[in-house]
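Biologist: I am new to this one, and I would like to learn how its labels are earned. Could you show it to me and then take my questions?

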Amino acid sequence: MQIVTIDHIPGKEFQVLGMVQGAMVQTVHAGKDIFNSFKTLVGGELTSYTEMMNTSRATAISRMIENANAIGADAIVNVRFTTSSVMQGASEVLAYGTAVKFTN
């Protein structure tokens with residue numbers, strides 16, 4: 001499955017199948033959340049949040065690919081991501097794009 005953030009794939013012609021998406025809402029362990037609140041006093045990377053977002057992004061992409069495979073897509077073009085805070089320590093990552101089927 002090819003995934004690109006541009007609206008075309010060089011050298012390929014395709015038929016648009018429709019929008020596909022994948023989402024993930026995840027939170028960190030309450031203990032890590034408390035630790036992160038103290039970390040803001042001294043600065044630095046909040047590694048547990050970084051890990052949470054990396055996991056969420058990977059899962060959202062995987063679910064988007066599953067959605068594209070289910071409709072027979074060869075690729076997903078114009079892929080975008082959006083995030084939102086659901087509650088303290090929990091975020092949603094949404095990956096979405098256009099599923100396409102190659103014609104050549």
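What follows is a conversation about the terms used for this chain.

Modeller: Please keep in mind that this is a predicted model, where local features need pLDDT of at least 70, side-chain atom pairs count only at pLDDT 80 or more, and totals for chains, interfaces and linings use all residues. Residues are numbered from 1 along each chain as its sequence is written, and side-chain values use heavy atoms, with hydrogens and water left out.

Biologist: Thanks! What makes up the chain, and in which order do the elements run?

Modeller: There are two helices and four strands, running β-β-α-α-β-β from the N terminus on. Helices (H or I, at least four residues) and strands (E, at least two) are DSSP runs, numbered from the N terminus.

Biologist: Why are S1 and S2 said to stand at the edges?

Modeller: The open sheet has the order S1-S3-S4-S2, with mixed pairing. Strand S1 (2-3) and strand S2 (14-27) each have a single partner strand, so one side of each is left without a neighbour in the sheet.

Biologist: How do you know that S2 and S4 are paired?

Modeller: Pairing asks for at least two bridges found by DSSP between two strands. S2 and strand S4 (residues 90-102) are joined by 13 bridges and run antiparallel, so they pair under that rule. Met19, for example, has Thr98 in S4 as its bridge partner.

Biologist: Why is Ser91 called buried, and Asn78 partly exposed?

Modeller: Buried means under 20% relative accessible area, exposed over 50%, and partly exposed in between (1.4 Å probe, protein chains only). Ser91, in strand S4, has 15%, so Ser91 is buried. Asn78, in strand S3, has 30% and therefore counts as partly exposed.

Biologist: What is in contact with Ser91?

Modeller: Contact means heavy atoms within 4.5 Å. Leaving aside neighbours within four places in sequence, the contacts of Ser91 include Met24, Met52 and Val86.

Biologist: What is notable about the phi of Asn78?

Modeller: Its phi is near 55°, a positive value in a residue other than glycine. Most residues other than glycine have a negative phi.

Biologist: How do you know that Lys12 lies over the face of Phe102?

Modeller: A charge sits over a ring if NZ of Lys or CZ of Arg is within 6 Å of the ring centre and within 35 degrees of the ring normal. Lys12 is at 4.7 Å from the ring centre of Phe102 and lies over its face.
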